[in-house]
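Work through the exercises below with the model in view. Try each task before you read its solution.

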Amino acid sequence: MRRLIYAGVVGLVLAGIVHITIVLLIPSYAAKDAWAKLAQRGSPWEFSLVSEPGRLNSDLPNVDPAFGIAACRFDLSQSALRVTADGDLPFWSVAIFDRKGRNIYSFNDRTAIERQLL
């Protein structure tokens, strides 16, 4: 009976140590979100290439290698945003996410007027 109680106490102490270690490591992992990775790639209000077509390695998980992905950080409290592009692509899509990763607005060539990004 004593061995069982001893094993239970040792198990609880080890579980406590593991939980405290995980809680102390959270800040080091929290700084490695998508926003921080994008901040390392370039300055605000400039697009940076995240994934090129045909490239298999990317910072993003589950990226389709047939698509190119570019991202830009911006702050709408500083000024308005206007996105323009030219060229003839079979498909394009624009999505706006907030700091927490929630999709705020998105559209693509099928929903744009005359399939143009103006």
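**Exercise 1: An aromatic residue and its cluster**

F107 is partly exposed, with a relative accessible area of 23%. The class follows from the cut-offs: buried means under 20% relative accessible area, exposed over 50%, and partly exposed in between, with a 1.4 Å probe and protein chains only. This is a predicted model, in which local features need pLDDT of at least 70 and side-chain atom pairs count only at pLDDT 80 or more, while totals for chains, interfaces and linings use all residues. Residues are numbered from 1 along each chain as its sequence is written, and side-chain values use heavy atoms, with hydrogens and water left out.

Task: find which residues form one aromatic cluster with F107.

Solution. Start with the ring rule. Rings of Phe, Tyr and Trp (its six-membered ring) pair if their centres lie within 6.5 Å; planes under 30 degrees apart count as stacked, over 60 as edge-to-face and the rest as tilted. Next, go to Y105. The ring centres of Y105 and F107 are 5.6 Å apart and the planes stand at 50°, so this pair is tilted. Y105 is partly exposed, at 48% relative accessible area. Finally, add W92: W92, Y105 and F107 make up one aromatic cluster.

**Exercise 2: A pair across two loops**

Task: state how many aromatic pairs the structure holds, then classify the pair F67 and F91.

Solution. The structure has four aromatic pairs. In one of them, F67 and F91, the ring centres lie 6.0 Å apart with planes at 80°, so the pair is edge-to-face. Now place the two residues. F67 sits in the loop between β1 (47-51) and β2 (69-72), and F91 in the loop between β2 and β3 (93-97), so the pair ties together parts 24 residues apart in sequence. Strands (E, at least two residues) and helices (H or I, at least four) are DSSP runs, numbered from the N terminus. Last, check exposure. F67 is partly exposed at 39% relative accessibility, and F91 is partly exposed at 36%.

**Exercise 3: The helix α1**

Task: find where α1 bends and which nonpolar residues form a surface patch.

Solution. Take the span first. α1 has 29 residues and reaches 42 Å from its first C-alpha to its last, close to the 42 Å expected at 1.5 Å a residue. The expected span is 1.5 Å times one less than the number of residues. Then look for the bend. α1 bends by about 30° at L24, and the proline P27 follows within four residues. The bend is the angle between axes fitted to the seven residues ending at a residue and the seven starting there.

Now the patch. M1, L4, I5, Y6, V9, V10, V13, L14 and I17 form a nonpolar surface patch, with about 960 Å² of accessible area together. Patches take residues with over 30% relative accessible area and no salt bridge; like charges are joined within 9 Å, nonpolar side chains (Val, Leu, Ile, Met, Phe, Trp, Tyr) within 5 Å. Areas come from the Shrake-Rupley method with a 1.4 Å probe; for residues, only the protein chains shown count as cover. I17 belongs to α1 (residues 2-30). I17 is partly exposed, at 48% relative accessibility.

**Exercise 4: Salt bridges**

Task: name the partners of R102 and R110.

Solution. A salt bridge needs a side-chain nitrogen of Lys or Arg within 4 Å of a carboxyl oxygen of Asp or Glu. A search of the whole structure gives two. R102 bridges to D98, with the closest N and O atoms 2.8 Å apart. R110 meets D109 at 2.9 Å, N to O. Compare that pair: D109 is buried at 0% relative accessibility, whereas R110 is exposed at 56%. R110 lies in the segment after β4 (103-108).

**Exercise 5: An unusual phi**

Task: say what phi W45 has and where W45 lies.

Solution. Phi of W45 is near 70°, a positive value in a residue other than glycine. Most residues other than glycine have a negative phi. W45 is in the loop between α2 (34-41) and β1.
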